[in-house]
Amino acid sequence: MDRQLLSAIAHRDHPIAAPVSAANLDRLLRRAALPEGARVLDLGCGEGEWSLRALELVPSAHADGVDISPHAVAAANEAAVRRGLADRLTLHTTPADAFTAAQPYDLALCVGSTHAFGGLTETMDALARFVRPGGLALVGEGFWERPPAPEVAEAIGEYPDLAGTVESAESKGWLTVYAHVSDLAEWDEYEWSWTGTLARWAADNPGPDGEQALAVMREHRDMWLNGYRGALGFVTLLLRRV
């Protein structure tokens with residue numbers, strides 16, 4: 001099984017695909033105060049939950065969702081059809097750093113997908129090409145709440161602290177106008193959903209695929225519970241292009 005399919009399975013019960021509750025997702029989108037007819041871009045959209053909720057909040061808005069995973073894009077399309085939003089969501093199965101657009105957007109999202117551009121600073125530089133002057137970006141990124149063990153940092157990645165993350169996000173001409181820092185309950189809900197959904201799928205699909213899914217789940221859960229739980233933070237920044 002490829003990793004994209006495993007990830008799509010793991011996120012089935014948590015389509016937000018980040019340690020953010022539905023209530024806080026709504027709060028972030030409402031704070032964006034999108035205008036009528038807003039254009040929304042979601043880079044690394046996954047199952048499209050952020051875009052779909054934006055379309056529900058602004059019935060005249062249109063969105064483009066971009067993801068490299070055909071499994072995630074298929075799930076996003078199914079959700080859009082189910083919720084009556086398919087006519088306002090256009091999905092693109094392509095790498096985020098290869099996507100181009102003819103017109104600027106009012107809001108661009110990149111939540112948990114800054115790796116697609118090589119990091120947070122590079123992501124903010126890329127988003128500036130998509131967002132109109134005065135437009136907004138919603139960017140979700142990890143940061144270290146406290147210094148991790150060296151082996152954990154090596155496995156997870158080199159992140160700054162929260163202050164350093166905000167500084168990096170603003171370094172390309174952006175201004176933070178709001179933010180949400182995920183709490184431990186949001187992290188636990190996300191991780192138990194990720195690992196639990198994959199474990200249930202593995203139990204229902206005995207054989208090589210199930211064994212692989214179970215091995216991936218156990219490796220992930222061990223790194224979470226014995227490594228980054230309580231140390232790795234996640235912040236979703238609402239930034240204005242200035």
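Reader: What is the volume of the second largest pocket?

Author: In this predicted model, the second largest pocket has a volume of about 180 Å³. Of its 13 lining residues, Arg 12, Glu 47, His 71, Ala 75 and Glu 78 are the closest to the centre.

Reader: What makes a residue such as His 71 part of the lining of the second largest pocket?

Author: A lining residue has an atom within 4 Å of a pocket point. His 71 is among the 13 residues that line the second largest pocket, so it has an atom within that distance.

Reader: Which elements supply at least two residues of that lining?

Author: They are α1, α3 (49–57) and α4 (70–82). The largest share, five residues, comes from α4.

Reader: Why is Glu 47 counted as charged, and how many charged residues does the lining of the second largest pocket have?

Author: Glu belongs to the charged class together with Asp, Lys and Arg, so Glu 47 is counted there. The lining has six charged residues, besides six nonpolar and one polar.

Reader: What is the volume of the largest pocket, and how many residues line it?

Author: Its volume is about 1,500 Å³. The lining has 50 residues, and Ser 7, His 11, Gly 112, His 115 and Tyr 190 lie nearest the centre. Elements giving two or more residues include α1 (3–10), β5 (131–144) and α8 (184–204). The largest share, six residues, is from α9.

Reader: Why does Gly 112 count as polar in the lining of the largest pocket?

Author: Gly is placed among the polar residues by the classification used, so Gly 112 is polar here. By class, this lining has 28 nonpolar, 15 polar and seven charged residues.

Reader: How do you know that β1 and β2 pair?

Author: Two strands pair if at least two bridges are found between them. Five bridges join β1 (residues 39–43) to β2, so the criterion is met. The two strands run parallel, and Asp 42 has Gly 65 in β2 as its bridge partner.

Reader: What makes β3 and β6 edge strands?

Author: The open sheet has seven strands in the order β3-β2-β1-β4-β5-β7-β6, with mixed pairing. β3 (89–93) and β6 (174–181) each pair on one side only, and they are the edge strands. Neighbouring strands are turned by 15° against each other on average, direction ignored.

Reader: Which strands does α5 touch where it packs on the sheet?

Author: Helix α5 (residues 120–127) touches β1, β4 (105–111), β5, β6 and β7. Its direction makes about 165° with that of β5.

Technical notes:
Residues are numbered from 1 along each chain as its sequence is written. This is a predicted model: local features need pLDDT of at least 70, side-chain atom pairs count only at pLDDT 80 or more; totals for chains, interfaces and linings use all residues. Side-chain values use heavy atoms; hydrogens and water are left out. On a 1 Å grid over the protein atoms alone, a cavity is a set of points where a 1.4 Å probe fits but cannot get out, and a pocket is an open set with protein on both sides within 12 Å along at least five of seven lines; lining residues have an atom within 4 Å of a point. Grid points are joined across faces, edges and corners, and a volume is the space filled by probe spheres set on the points. Helices (H or I, at least four residues) and strands (E, at least two) are DSSP runs, numbered from the N terminus. Axes are lines fitted to C-alpha atoms, for helices over the stretch in contact, and angles run from 0 to 180 degrees between N-to-C directions. Contact means heavy atoms within 4.5 Å.
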